[in-house]
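Visitor: Please take one strand of this model and go through it closely. I would like its pairing, its surroundings and the contacts of its residues, and then how that part relates to the rest of the chain.

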Amino acid sequence: SGPSIAVREGRQTLEDHVEKMANLPFVDVLYIRCDWRNVQKQPGRLDLDPVWDLTLAAAKRHGLRVAFRIQSSNTAFQPEQLALPEFLRAKVPMVSIGHIGMYGDTGGTAKGDYVEPRYDHPEYQKALAELNRMLADRFDGNPLIEFVDVMHIGFWGEGHFSGYPSPFPDAETAKRTLSQMVRMQLATWKKTPLAMNTQPDISNTGNREAIDIAVRGGAWVRSDSIIVEEPIQIEELANRPPWLAAILEDGTLRQYDAAKLNVDAAGVNELENYMLHVLDLKANYWSLWTESENLASYNERYPRGFASLRTRMGYRLRPSWVWQRKRFGSSELIVAVSNRGVAGVPGVLWLTAKSPDGTVNLRGSFDPGHPYGGALRLGSFLLPKGYVGTINLLAEIEIRPDVLKPVAWACEQPLNADGSLSLDVKPMNDPNWRKGI
């Protein structure tokens, strides 16, 4: 529904709102969820609303990243305003799918029908492909961008129409259209990970096939609820391929109003219960909503939830053991990389062992996803004969083919400016060489 209530009511500026979100100690990624009309006003060019520049600048200033979802349908502003830009609404047939509130949804005081575009119309498909090309030209591979949600059909781009009928003429057209949309986006975004909503196929739109296409194409997975969703969605998320990241939302208690939360007999409040389920699903991201004051006061009153996520969520890699042993007349370094987090590595982990002067530069990779959450994996480097001195160990994740992202070692020892950890290679005739690393 837009930024914080304070901004919407004129009690807070958008600039102040973005800055306060970026300042929260547990925030890593600033997420923009907006309508298509907020990024494009006319064909052939992007017209990004002010929140985009504010968010990108705040992320750069605070060392954060940015992710976004652009939606073609948003119930919050209907019937007065639709998510599509005006130039596209003039070309694409719009279908009334039912009166607001007729299925018990919270339409507030809005009167009228929910209106959806014919997603299968050629003009919609043409404009969607153009929008993705323009966004990819601007953001694909940008180090500030963490992931991009697949542009989906339905309410909020989540692949469903709640209890309302589908605007498609039949289920087969819906399945064919959605599969085509997913394939187009996978082909367009070459460097930045895409994330696919795993909403069950309650509207007969072909979600099962589309999710399969997305996952096989390397897309991450996401869900807009961790409690109220169907069991099959929880099963899919928990047992996803370990090299794919998962993004979760709470789904209902989004305001983080500590005064309104129920606490059970064990002293666990409702939100903390939700947050700890994130670890059960081995997730990488927990999505927060926009009331920064509530988030800060919640964390002050109930610190355990955020503290648990900050120490266990996602992947947390460190070289737990490093051995130096004699091999083929030289020294071999064997590195055991441990993962303290609950999630596997989202991609392929590459290790580099290099000397400070660059004369030694050895690289190798693990299988995708390794080391899995709570596990470890060993790799080795055979050093040049007679090498003695410092070797710097660097880690990177290949998140898309030939796209490398630096890894911050989750260890307490000091790191070098490039994020590497320095190791000390001893002469093999040194009586202490076995414990020199």
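Guide: Strand S2 is joined by three bridges to strand S5 (residues 145-149), and the two run parallel. One position in this pairing is Val66, whose bridge partner in S5 is Ile145. The model is a predicted one.

S2 also pairs with strand S1 (residues 29-35), again in the parallel sense, over seven bridges. Within that pairing, Cys34 stands opposite Ile70 of S2. The connection between these strands involves helix H3 (residues 50-62): S1, H3 and S2 make a β-α-β unit, and the unit is right-handed.

As for the surroundings, six of the seven residues of S2 are buried, so the strand is largely enclosed by the rest of the structure.

Two residues of this part can be taken in turn. Arg69 is found in S2, which spans residues 65-71. Arg69 is buried, because its relative accessible area is 2% and the limit for buried is under 20%. The side chain of Arg69 makes a polar contact with the side chain of Glu158, at 3.4 Å. Beyond its neighbours within four places in sequence, Arg69 is in contact with Tyr31, Ile32, Arg33, Cys34, Asp149, Trp156, Glu158, Arg222, Asp224 and Glu249.

For Ile70, leaving aside neighbours within four places in sequence, the contacts are Cys34, Asp35, Trp36, Val39, Trp52, Leu131, Leu135 and Met151. Ile70 also belongs to the largest nonpolar core, which has 86 residues; Trp36, Phe68, Ile70 and Trp286 are those with the most contacts inside this core. Helix H5 (residues 122-139) supplies the largest share of the core, nine residues. A second core, separate from this one, has 26 residues, including Leu393, Ala395, Val407 and Leu423. As general background, nonpolar side chains tend to be buried together in soluble globular proteins.

Trp36, a contact of Ile70, leads on to the aromatic residues. Trp36 forms one aromatic cluster with Tyr114, Tyr119, Tyr124, Phe155, Trp156, Phe161, Tyr164 and Phe168. Trp156 in this cluster is in turn a contact of Arg69.

The model's count of aromatic pairs is 23. In the pair of Tyr119 and Phe161, the ring centres are 6.5 Å apart and the planes are at 45 degrees, so the pair is tilted. This pair links distant parts of the chain, with the two positions 42 residues apart: Tyr119 is in the loop between strand S4 (113-117) and H5, and Phe161 is in the loop between S5 and helix H6 (171-188). Tyr119 is buried, with a relative accessible area of 1%, and Phe161 is buried as well, at 0% relative accessibility.

Elsewhere in the chain, strand S12 (residues 348-354) and strand S13 (residues 361-365) pair in the antiparallel sense over five bridges, whereas S1 and S2 pair in the parallel sense. Thr352 has Arg363 in S13 as its bridge partner. S12 and S13 form a hairpin with six residues between them, and Gly358 in the turn has a positive phi of about 85 degrees.

A last position for comparison with Arg69 is Thr252, in the loop between strand S8 (246-249) and helix H9 (270-280). Thr252 counts as partly exposed, at 44% relative accessibility, while Arg69 is buried.

Methods:
Residues numbered from 1 in each chain as written. Predicted model: local features only at pLDDT ≥ 70, side-chain atom pairs only at ≥ 80, totals over all residues. Heavy atoms only, no water. Core = buried A, V, L, I, M, F, W, Y, C linked by side-chain atoms within 4.5 Å. Buried < 20%, exposed > 50% of the residue type's maximum accessible area, 1.4 Å probe, protein only. Helix = DSSP H or I, 4+ residues; strand = E, 2+ residues; numbered from the N terminus. Contact = heavy atoms within 4.5 Å. Polar contact = N/O pair within 3.5 Å; in protein donor to acceptor, adjacent residues only side chain to side chain. Pairing = 2+ DSSP bridges. Right-handed = clockwise from strand over helix to strand, strands pointing away. Phe/Tyr/Trp six-rings, centres within 6.5 Å; stacked < 30°, edge-to-face > 60°.
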